Amino acid sequence: RPSTRSLVARIEHVALWTRDVERLREFYVRHFGARAGAPYRNPGKGFDSCFLEFEGGARLEIMRTTQLELVDAPPCAQRRGLTHIAVSVGSEERVDSLTSELRAAGFSVVDAPRRTGDGYYESVVLDPDGNRIEITV
């Protein structure tokens, strides 16, 4: 059994349930430059998914199911567990411009660009399903 000291671990991907894979795919491709992989469909299990890859290798899996009853959370709800995804866009200017672009496109901006107490420069927006996205440097 390998020692945890020699174990090299990284998060391979984060997955989100949605009712509309195409809508979320388009959001992340258009606004965050994600590259969409081929869609996967398993009609027998009522399952669709699509992997999105971001610069640097981070991946997001967007999934839909007809076999499970998904529980909706109100937009911007704080809940136990995964609470946001942080996406680095490289500069404060890009944080500002992307936040403005998303606001103009009708997406909710929860927190305007600002410097946080822990030193991040970030804004917080909601994706089409109400997931919190931190846009940071």
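**Close-up views of helix H2 and Tyr-121**

**View 1. Helix H2 spans residues 92-104.** Its 13 residues reach 18 Å from the first C-alpha to the last, close to the 18 Å expected at 1.5 Å a residue. Keep in mind as you look around that this is a predicted model. Just past the helix, you will find that H2 is followed by Gly-106, a residue with a positive phi near 95°.

**View 2. Helix H2 has a buried side and a face turned away from it.** Val-95, Leu-98, Thr-99 and Leu-102 are the residues to pick out here, since each is listed as buried in H2. Looking down the axis of H2, you can see these buried residues fall within an arc of 105°, so they line one face of the helix. On the face turned away from the buried side, look for the exposed residues Glu-93 and Ala-104.

**View 3. The buried residues of H2 pack against one helix and several strands.** The helix is H1 (21-32). The strands are S7 (109-115), S8 (121-126) and S9 (132-136).

**View 4. Tyr-121 sits in strand S8.** With a relative accessible area of 13%, Tyr-121 is buried. Leaving aside neighbours within four places in sequence, its contacts include Glu-92, Val-95 and Asp-96, along with Pro-113, Arg-114 and Arg-115. Ile-135, Thr-136 and Val-137 are also in contact with Tyr-121.

**View 5. A polar contact joins the side chains of Tyr-121 and Asp-96.** The distance to look for in this pair is 2.5 Å. For a wider view, find Gly-56, 65 residues from Tyr-121 along the chain: the C-alpha atoms of these two residues are separated by 20 Å.

Terms used:
Residues numbered from 1 in each chain as written. Predicted model: local features only at pLDDT ≥ 70, side-chain atom pairs only at ≥ 80, totals over all residues. Heavy atoms only, no water. Helix = DSSP H or I, 4+ residues; strand = E, 2+ residues; numbered from the N terminus. Expected span 1.5 Å × (residues − 1). Buried < 20%, exposed > 50% of the residue type's maximum accessible area, 1.4 Å probe, protein only. Arc of directions from axis to C-beta. Contact = heavy atoms within 4.5 Å. Polar contact = N/O pair within 3.5 Å; in protein donor to acceptor, adjacent residues only side chain to side chain.
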